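Let's take a walk through this protein together, with the sequence and the 3D view side by side. Please keep both open as you read.

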Amino acid sequence: MPVDQDKLMDFLGRFVGDLGATMAAGSVVIGDRLGLYRSLSEKPSRPEELAERTGTAARYVEEWLRGQAASGYVMYDESSGRYSMTEEQTFALTDPDGAVFVPGAFQLALATLRAEPAITAAFKDGAGFGWHEHDEGVFSGCERFFRPGYSANLVPEWLPALDGVVAKLESGARVADLGCGHGASTILMAQAFPASTFVGSDYHDESIDAAGKRAASSDVAERTSFEVATAQDFGGGPYDLVTTFDSLHDMGDPGRAAHHIRESLREDGTWMIVEPFAGDTVSDNLNPVGRVYYSFSTFLCVPNALSQEGGYSLGAQAGEAAIGRLCKEAGFTRFSRVAETPFNIVYEARP
């Protein structure tokens, strides 16, 4: 059949945008690591001025700035030849503790793509590829990607949305944070609730080492501990609160994990489940956020789950119905969506 030229041009337009975004990822990471964004946000500059302040080579900076302006990540004034940043660009590109930090996401994406040969092979043989097998940038990039959202929402919005949980944390509760990675979520809770104790766990030993060091530097080491363990075999209960932050869908046997969480909770305990924002059907997720999560899931979540005992993968776009069924089958009698952001949904499960 003949090709519809208008439809072809629409498709090629999408391709050009995607190719530019793919290459821009490396430029964003460079801008973050070399302090180019931070310096530019402080003062509009010509390329040579920015290069002098940041100790970089002017010709490289010139080309970088041109690409950034074409991407809409910085502004260009033709009359003066200077580049600058808006308040919004500065907010998203220079503050790792803000609600959104774009460089962390691109750092995660670049490091994830380094596993392409292994993931291609996994497509053929169906084998898994564990989290621990990825480039180190995946672990640090993941924290830099998710921590800003946790910092902005966990204490002020998500925990208060749970029935009676804040009161328990304020009076002194025992909390298990499963799949804690570098401990960002664990430490945020420990800082906010000094009367409570927190146990973070992850199967990745290098992440647990990093979490312990982060806790020590954050002055919460006396009330936090970290252990190498999976969600199916962590110990130390009973707990008042168990949390899983963007990790349930990565597990190879989420059903067994849910059962173990149920057994590890007090009868009046709570499981807080934070998962990527997703609808219940594929069609619900055919949007920009779904595209991001399906793409990451293909490289990270599904391969990791298939590498583990159980060999079952929810995927990053599992949706509320799938999470609810898992909780019901594990013996939870109450399940509800209690909060959401553009990137996450928070669920509450009770015995």
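**A guided walk through the model**

With a relative accessibility of 49%, Arg59 counts as partly exposed. Keep in mind as you look at this residue that the model is predicted. The partner of Arg59 is Glu63, and the salt bridge between them brings the closest N and O atoms to 2.8 Å apart. Glu63 is also partly exposed, at 43% relative accessibility. Why can these two side chains find each other? Both belong to helix 4 (residues 58-71), and because they are four residues apart, about one helical turn separates them. In general, an α-helix has 3.6 residues a turn, so residues three or four places apart point the same way.

Other salt bridges tie together parts that lie further along the chain. Arg214 and Glu143 are one such pair, with their side chains meeting at 2.5 Å, N to O. Because Arg214 sits in helix 11 (residues 205-217) and Glu143 in helix 8 (residues 136-158), this pair links parts that are 71 residues apart in sequence. The two ends have their own surroundings: Arg214 is partly exposed at 31% relative accessible area, whereas Glu143 is buried at 14%.

Turn next to a pair that joins two strands. Arg266 and Asp240 form a salt bridge of 3.1 Å, N to O. Arg266 belongs to strand 7 (residues 265-276) and Asp240 to strand 6 (residues 239-245), so the bridge ties together parts 26 residues apart in sequence. Here too, the arginine, Arg266, is partly exposed, with a relative accessibility of 35%, while Asp240 is buried at 13%. Back in the first pair's neighbourhood, Arg59, Glu62, Glu63 and Arg66 are joined into one network by salt bridges that share partners. Over the whole structure, a search finds 21 salt bridges.

Now step back to the overall layout. The domain assignment divides the protein chain into domain 1 (5-94) and domain 2 (102-350). Taken over C-alpha atoms, the centres of domain 1 and domain 2 are 33 Å apart. How many residues of each domain are in contact with the other? Eleven residues of domain 1 touch seven residues of domain 2. As a general point, the size of an interface is often given as the accessible area lost when the parts come together. Between domain 1 and domain 2 the buried area is about 830 Å², and carbon and sulfur atoms give 64% of it. On the domain 1 side, Ala25, Val29 and Asp32 supply 38% of the area buried against domain 2, more than any other three residues.

Asp32 deserves a second look, as it forms a salt bridge with Arg144 in which the closest N and O atoms are 2.9 Å apart. Across the interface of the two domains, two salt bridges are found. Three residue pairs are in polar contact between domain 1 and domain 2. Two elements each give two or more residues to the side of domain 1 that touches domain 2: helix 1 (5-33) and helix 5 (87-94). The largest share, eight residues, comes from helix 1. By type, the residues on this side of domain 1 divide into seven nonpolar, one polar and three charged.

Helix 5 is worth a closer look. Its buried residues are Gln89, Thr90, Ala92, Leu93 and Thr94. These pack against helix 1, helix 2 (36-42), strand 1 (75-77), strand 2 (82-84) and helix 6 (102-113).

Finish the walk with two loop residues. The first stop is His249, in the loop between strand 6 and helix 12 (254-264). Is His249 buried or exposed? With 3% relative accessibility, His249 counts as buried, because the cut-off for that label is under 20%. Its side chain is joined to that of Glu275 by a polar contact of 2.9 Å. Setting aside residues up to four places away in sequence, His249 touches Glu275, Pro276, Cys301, Ser313, Leu314, Gly315 and Ala316.

The other stop is Thr341, in the loop between strand 8 (334-340) and strand 9 (344-350). Thr341 is buried as well, at 14% relative accessible area. Apart from neighbours within four places in sequence, Thr341 is in contact with Asn153, Trp158 and Phe277.

Key
Residues are numbered from 1 along each chain as its sequence is written. This is a predicted model: local features need pLDDT of at least 70, side-chain atom pairs count only at pLDDT 80 or more; totals for chains, interfaces and linings use all residues. Side-chain values use heavy atoms; hydrogens and water are left out. Domain bounds come from an automatic or database domain assignment. Contact means heavy atoms within 4.5 Å. Buried area is the accessible area (1.4 Å probe) that two parts lose on being put together, summed over both. A salt bridge is a side-chain nitrogen of Lys or Arg within 4 Å of a carboxyl oxygen of Asp or Glu. A polar contact is a pair of N or O atoms within 3.5 Å; within protein, one must be able to donate a hydrogen and the other to accept it, and residues adjacent in sequence count only if both atoms are side-chain atoms. Ala, Val, Leu, Ile, Met, Phe, Trp, Tyr, Cys and Pro count as nonpolar, Asp, Glu, Lys and Arg as charged, and the others, Gly among them, as polar. Buried means under 20% relative accessible area, exposed over 50%, partly exposed in between (1.4 Å probe, protein chains only).
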